[in-house]
Amino acid sequence: MRRRGTAAGAALALSGAGVLLGLAASPAQAAEVSYATHCVPPAGISPVDGTTKVEITAPATAKVGDTVDVVWKFVQAASKNPDIIDLPANSVQPSGVLKAAGAQTAGIAMQGTRTNPAIPKGGDMVLSDMKGSLKLTAAGAVTLTPDAYTVNAMSTDTKCTPKETVQKAATIQVTGGGGTSSSTPTRSATPTQSSTPTRSATPTATATGGSGQSDFTGKEVQIPYACKTPIGDKNATSPVQINARKSGGSFGLTVQFKKSVMNSPADIPKDSVKPSMEVVLGGADKGTVHVEGPANAGPIKSGDPIEIPDLTGTYKPGASGSSTLSPGILTIKALGTTTTCTPTRTEVSLTLDTSRQPGGSSGGTSTSGGTSSTGGSGGSGGLAETGASDHGALKALGLVAGTAILLGGAVFTFMPGRRTR
């Protein structure tokens with residue numbers, strides 16, 4: 001009997017402990033809610049009306065003073081991936097707001113990770129779970145209701161808002177204070193953005209070609225660029241420097257973007273981004289010189305730094321005298337598409353004493369590499385429509401890995417620090 005009673009007591013004790021543990025860890029019975037949603041994609045893509053299905057998970061019970069974690073799970077997003085381009089893996093990040101009401105009113109900032117499988121054109125958006133936290137300040141029933149959310153895909157935002165009253169998705173029964181607050185740390189659901197440091201141009205004197213001199217260092221000039229893309233007009237100012245090395249009667253040019261380290265907004269595959277520029281000639285000489293940089297040698301992970309490579313080319317003077325070199329039109333080729341950014345104002349970076357060479361540049365055409373371009377094309381501020389007339393290629397470029405704009409803070413966030421040369 002003693003043994004049987006002991007076993008029964010042990011069973012009862014374990015059962016009681018199980019009940020207590022179950023109560024302590026009991027999550028809210030989060031019901032799935034769905035609501036009509038209006039989504040506004042980047043400029044150039046039509047708005048979408050669809051249905052969002054969401055499941056919210058939170059503790060069923062808690063105390064005043066506790067900080068509770070809540071999870072927003074997307075069962076279905078309202079919009080699909082447009083029929084423009086495949087979205088690579090880990091290129092989509094959701095964020096949104098969860099409304100708390102009842103005993104306590106608050107807007108809970110929710111944030112997901114940039115974690116997704118590759119999503120084909122026209123495919124369903126697969127969004128990561130969003131998480132946030134709420135510190136409970138009043139006793140009673142606190143209801144949780146999903147509200148607006150944003151889908152960030154490779155530096156572009158699609159904003160989705162409810163078109164109807166949304167039903168509550170979970171309820172937390174909050175009891176009066178009594179003790180310490182939860183040890184769960186409060187999450188900051190607002191992503192921290194790095195700031196773009198402002199640099200003044202290096203006060204380097206304009207170089208001229210003295211007797212016997214072979215290397216010439218230009219001054220750093222601040223060049224404002226205007227780029228028009230399907231995701232909206234992009235304006236950015238970037239410090240640029242043009243250097244030269246004399247070889248016979250010609251000059252090897254190197255164009256450096258001094259804001260050279262940036263964060264990639266998404267995974268970028270190998271050999272997919274290639275920049276080039278038309279350096280504008282002035283003074284004694286006329287025309288442009290084509291310079292270009294290498295494509296990225298390896299894949300770049302989202303969040304990793306990207307360097308703008310040196311752009312190089314050869315300048316064969318077409319006139320004798322004092323010739324000036326200024327940054328001109330910048331072209332970015334990415335994944336089979338092309339976009340063009342035009343300076344709204346340019347400035348001389350380098351002045352050279354030149355002697356006319358046979359077949360030199362004077363006359364308005366580029367002296368090396370690529371397709372010739374006229375020297376007077378720098379004032380439109382528009383975006384060249386290269387590729388398809390239906391703008392499909394340009395739309396794709398606006399969404400591909402943030403490579404549509406390679407300047408300043410137009411799409412990328414530049415990291416502090418200057419590249420060592």
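Reader: Why is the pair Glu292 and Lys274 called a salt bridge?

Author: The closest N and O atoms of Glu292 and Lys274 are 3.9 Å apart, and the term requires a side-chain nitrogen of Lys or Arg within 4 Å of a carboxyl oxygen of Asp or Glu, so the pair qualifies. Glu292 lies in strand β17 (residues 287–292) and Lys274 in strand β16, so the bridge ties together parts that are 18 residues apart in sequence. Strands here are DSSP runs of E of at least two residues, as helices are runs of H or I of at least four, numbered from the N terminus. The model is predicted: local features need pLDDT of at least 70 and side-chain atom pairs count only at pLDDT 80 or more, while totals for chains, interfaces and linings use all residues. Residues are numbered from 1 along each chain as its sequence is written, and side-chain values use heavy atoms, leaving out hydrogens and water.

Reader: What makes Glu292 and Lys274 partly exposed?

Author: Relative accessible area under 20% is called buried, over 50% exposed, and in between partly exposed (1.4 Å probe, protein chains only). Glu292 has 34% and Lys274 has 32%, so both fall in the intermediate class. Elsewhere, salt bridges with shared partners join Lys219, Arg345 and Glu347 into one network.

Reader: What places Lys219 and Glu347 in a salt bridge, and which parts of the chain does the pair link?

Author: The closest N and O atoms of Lys219 and Glu347 are 3.3 Å apart, which satisfies the criterion already given. The partners come from distant parts of the chain: Lys219 is in the loop between β11 (215–217) and β12, and Glu347 is in the loop between β22 (337–343) and β23 (350–354), 128 residues apart. Both are partly exposed, Lys219 at 22% and Glu347 at 30%.

Reader: How many salt bridges does the structure hold, and what ties β8 to β5?

Author: There are 9 salt bridges. One of them joins the side chains of Asp147 and Lys99 at 3.8 Å, N to O. Asp147 belongs to β8 and Lys99 to β5, so this pair ties together parts that are 48 residues apart in sequence. Lys99 is partly exposed, at 43% relative accessibility. In general, side chains of opposite charge can pair when their charged atoms come close.

Reader: How do you know that Cys39 and Cys160 form a disulfide?

Author: Their sulfur atoms are 2.2 Å apart, and a disulfide is a pair of cysteine sulfur atoms within 2.5 Å, so the link meets the definition. A search of the whole structure finds 1 disulfide. Cys39 sits in strand β1 (residues 32–40) and Cys160 in strand β9 (residues 156–162), 121 residues apart, so that distant parts of the chain are linked. The link is right-handed, with 115° about the S-S bond. Cys39 is buried, with a relative accessible area of 0%, and Cys160 is buried as well, at 1%.

Reader: What makes β1 and β9 paired strands?

Author: Pairing requires at least two bridges found by DSSP between two strands. β1 and β9 are joined by 4 bridges and run antiparallel, so they count as paired. Among these partners, Cys39 is matched with Cys160. β1 is also joined to β2 (residues 48–57) by 8 bridges, again antiparallel, and there the partner of Ala36 is Thr51.

Reader: Which residues of β1 form its covered face?

Author: The covered face consists of Val33, Tyr35, Thr37 and Cys39, whereas the uncovered one holds Glu32, Ser34, Ala36, His38 and Val40. In a regular strand the side chains alternate between the two faces of the sheet.

Reader: What is meant by a nonpolar core, and which residues have the most contacts inside the largest one?

Author: A nonpolar core is a set of buried Ala, Val, Leu, Ile, Met, Phe, Trp, Tyr and Cys residues joined through side-chain atoms within 4.5 Å. The largest has 37 residues, with Trp72, Leu144 and Ile172 making the most contacts inside it. Its largest share, 5 residues, comes from β8.

Reader: Which residues does Leu144 touch?

Author: With contact taken as heavy atoms within 4.5 Å, and residues up to four places away in sequence not counted, Leu144 touches several residues, including Ile56, Val70, Leu98, Ile108 and Ile172.
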